[in-house]
Amino acid sequence: MTSFLKELKRNRIKFLMISPAVLFYLVLAYLPMGGIVIAFKQFNYNDGIFGSPWVGFENFRYFWESGQLFQVTINTILYNAAFMIINNGLEIVIAIILAEMAGKYLRRFLQSAIFLPYFISWVVVGAFVYNLFNFEFGSVNTLLKSLGADPIDVYSNSSAWIWIILFFSAWKSVGYGTVFYLAAIMNIDNETYEAAEIDGANVFQRIRHITLPALVPTIIILILLSVGNIVRGDFQMFYQIVGDNGLVFDKTDVIDTFVVRSLLTIQEFGMSAAAGVYQSVLSFVIIITVNYFVRRVEKDYALF
Amino acid sequence: MKKRLKWQGLFAIVMLLTFVLAGCGNSKNEASSSPSTSASPSASASAEPSASGSANPAGADTSKEVKLKMYLLGDKPKDFDLVYAEVNKLLKQDINATVEVSFLSWGDWQQKYPLLFASGEDFDLIYTANWAQYNTQATKGGFLEITKDMLEKYAPKTAASMYPEAWESAKIDGKVYMLPMNYKEIQGSISLLRGDLVEKYGLDPKELAAKPENLAKYYDAIVKNEKGLIPVNAAGLGWDGVPLFVPWDKMKGWFDLQGTGNLKMYYDSNDPKAKVIPFYQTDLFVEGVKKAKEWADAGYWSKSAMVSKTADNEAFKTGKAAIFGQNLSTINSLYTTVNTEHPEWKAMAIDTNFGRPVDLKPYIQNGVGINKNSKNPERALMMLDLFRNDPRYFDLTFYGIKGKHYDIGADGKSIKLLADSPNYPPEGACPWGWRDDKLVRPIEGGLPNYDDLRNNMLSTAVNNPVLQAFNFDDSSVKNELAAVGNVLTQYVKPLSFGVVKGSVDDAIADARKRLEKAGAQKIVDEYQRQVDAFLASKK
């Protein structure tokens, strides 16, 4: 206790600086955790969160009753893994290209252009998708028809949606992620490059032996952070792009869309909370495991 | 000095934690003490019971100005604020109050509605109905109980004018949580067609309305000849359990059962035992899906209809679809709008009940409830009393401003729509909760065959079929409903739209198997058990 107080005293400015963040997570992340009890209760307004009757695991039952739990969990993890690999890969490549690019104005322009889709709401993206692939009037089919080809019916072809979703996810988020990598590259000491150049290293050798190794910590941190969310499907994205199209759910359904659809007409708070608990527990296990392995390989890269 | 500061900081943290913990503890204590006092609010002790009891026993105290907050469903008409400015002028005079209205749009009201209650917002009034979560929110304790005493004290005119059976029908476990409309409503299924196209292709409206299959002729003529017009819009939501083609003519006397989400169930009103019929198990379902596939393949609706977000009435209004089906009053209202904007379409309505007798709708089909957390339930009741019984308020909220949106017709009763009417269409601003038989006015320029359609339905209408007052308690099958709802969207919805890969029979067999596995039969059994108990209790 006394040593803690000493520490508090010594670093009081630093503690002050971190306090908003601590307060933020305390109020918005830790305190609401008490709400987990709703998942085990039959909630009603009169008795409130803590007074409502306990129902044990009753609220979780619909997961396995529908027989879809496994499928949607696998879908969620696979999609997020794919996003992680593809998006991070693209971000690194684009960041390196931008960094190596000579013209300052062209670089600025490209960076903004790539960043722009990040600000477009998924609702609007959903409208894009519908207007592209609508069978009768969609742009794609109109183009195909004018070329004399047969129109394609994307809405009943579930495999096509995997690519559509991957494409739009990359299109929308790569610009944002690129900024992290670009910042990391800018931090690399310029003298290293100059030294390499004098030693006769060409562009590719410089990238291979200087830029990439310097990026590894950033890559690992970003990947660890996204691993924590690997069982959370981006509801906005999946719901707005795919919509209520049952034909393709086997390939596009993620935990979040599954839960919303199941509970839309029922409105049972306990059951939605149960879904949240399931995801949180799974996230917790996954992030602890991944962190454990990272730690064993290279202690400095681990989150904790 | 420095030491003191440190201790103060620590003290502050301890205080903070204490407050936080105390906050949790308090709500718990209050909550556990409240169940005995029926639906009285637990948090805001200042609300109705004590306030009215002590402050002013003689009558309502209106000396303090209050601002009421009301939620309605639908999309706000353009001139809504103008109209309610007038309403507020009157309210200010009469009961020293004003009302502020927010709309929950058709697109997402189902999600937002429960959140209003869950978040503990202190709005005063909200539209509710048997199809708009009355049951769910009432059993969760979202509404304030309205007692006979309160009614007589704050809404005396309503207490006198309300049909006794309307009051009874709003009871849940013997308690009333809404003021239901005071109106004998008949809805039925009416469809609006494009008269110009019917004429152009030499179709006979009588023949079209004879059998559900016959509409194909109309659709066919359009698909083959009218480029850019798709006969049926069939927008996304709501078709999970019922195919877009249903052999209604073979379901005479069948009535809807409520309370199972998209799992459509019917009962035959001629069957005294009221056997519950889950639609997906019937042969009619198979017939419907087969026909729906035929029609989908013929292009009567878009192949992407399932994900379309354009509402059906919008599609008809903007000339993108050629049919719109709804209940009589909605069709009548849409007809007036369409006919003013596009007289050349010669919009016409046909009866698409296909010989099915319709039912007089329950009074709780429309109503207004008072929020449990309302700070001014007395004033809210007083306002409702005015809305329901005073023609000044009724006409404003239903038809808009006299001389701007409408005028009284030559007979002194019916109303004539003026040029601005589309900005506040009659009955367009969700005033249905205070609809009253005495005050509703017929509309000039509405459907020319309105009376025919209504009388025709009334002549065969079934008054109060056995299960109309029945309310399903879904608490024991919630998990099954969730699982089934999911299967319905994933496997049955495509069938409803006639989108079938492979053979229809296989697809249906597969969907049925999945529904059974998700527990559909358990829901049906539970429903039947409650229906049996309900019928037994009535004897």
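The points below concern a predicted model of two chains, A and B.

1. Overall make-up of chain B. The chain holds 20 helices and 16 strands. Of its 539 residues, 54% are buried. Among contacts in chain B with a separation of 6 or more, 79% join residues 24 or more positions apart.

2. Domains of chain B. The assignment divides chain B into three parts, each assembled from separate stretches of sequence. Domain 1 takes in 50-183 and 364-399. Domain 2 takes in 187-228, 310-358 and 448-462, and domain 3 covers 234-306 together with 472-539. Between the C-alpha centres of domain 1 and domain 3 of chain B the distance is 34 Å.

3. Extent of the interface. On the side of chain B, 56 residues are in contact with 52 residues of chain A. The area buried between the two chains is about 4600 Å², and carbon and sulfur atoms give 58% of that area.

4. Polar links across the interface. The rule finds two salt bridges between chain B and chain A. A salt bridge joins the side chains of Arg61(A) and Glu480(B), with an N to O distance of 3.0 Å. Ten residue pairs are in polar contact across the interface, both partners being at pLDDT 80 or more.

5. Elements of chain B at the interface. Four helices of chain B each supply at least two residues of the side that touches chain A: α1 (2-33), α4 (109-118), α5 (134-139) and α18 (478-496). The greatest share comes from α18(B), with twelve residues. By residue class, this side of chain B divides into 21 nonpolar, 22 polar and 13 charged residues.

6. Arg261(A) at the interface. This arginine lies in helix α14 (residues 255-263) of chain A. How is a charged residue such as Arg261(A) placed, buried or exposed? Arg261(A) counts as buried because its relative accessible area is 10%, under the 20% limit. The side chain of Arg261(A) makes a polar contact of 2.7 Å with the side chain of Asn486(B). Apart from neighbours within four places in sequence, Arg261(A) is in contact with Asp244(A), Phe249(A) and Asp253(A) in its own chain, and with Asn486(B), Thr489(B) and Gln490(B) in chain B.

7. Asn141(A). Helix α8 (residues 139-146) of chain A contains this asparagine. Its relative accessible area is 1%, so Asn141(A) is buried. Beyond the residues within four places in sequence, the contacts of Asn141(A) are with Leu132(A), Asn134(A), Phe135(A), Pro151(A) and Ile152(A).

8. The two ends of α10(A). At the start of this helix (residues 190-198), a side-chain oxygen of Asp189(A) comes within 3.2 Å of the backbone nitrogen of Glu191(A). After the helix comes Gly200(A), with a positive phi near 90°.

9. Pro213(A) within a helix. This proline is found in α11 (residues 203-227) of chain A. With a relative accessibility of 40%, Pro213(A) is partly exposed. Not counting residues up to four places away in sequence, Pro213(A) touches Ile207(A) and Arg208(A). The C-alpha atoms of Pro213(A) and Ser272(A) are separated by 43 Å, with their positions 59 residues apart along the chain.

10. Positive phi outside glycine. Most residues other than glycine have a negative phi. Two residues of chain B deserve a check on this account. Gln133(B) has a phi near 65° and lies in the loop between β3 (125-128) and α5 of chain B. Gln133(B) is buried, since its relative accessibility is 8%. Asp173(B) has a phi near 50° and belongs to the loop between β4 (171-172) and β5 (175-176) of chain B. Asp173(B) is exposed, with a relative accessible area of 79%.

11. Tyr154(B). This tyrosine is found in helix α6 (residues 148-154) of chain B. A relative accessible area of 6% places Tyr154(B) among the buried residues. Tyr154(B) and Ser476(B) are 322 residues apart in sequence, and their C-alpha atoms are 38 Å apart in space.

Definitions and conventions: Residues numbered from 1 in each chain as written. Chains lettered and ligands numbered in written order. Predicted model: local features only at pLDDT ≥ 70, side-chain atom pairs only at ≥ 80, totals over all residues. Heavy atoms only, no water. Contact = heavy atoms within 4.5 Å. Buried area = accessible area lost by both parts, 1.4 Å probe. Salt bridge = Lys/Arg side-chain N within 4 Å of Asp/Glu carboxyl O. Polar contact = N/O pair within 3.5 Å; in protein donor to acceptor, adjacent residues only side chain to side chain. Nonpolar A, V, L, I, M, F, W, Y, C, P; charged D, E, K, R; others polar. Buried < 20%, exposed > 50% of the residue type's maximum accessible area, 1.4 Å probe, protein only. Domains from an automatic or database assignment.
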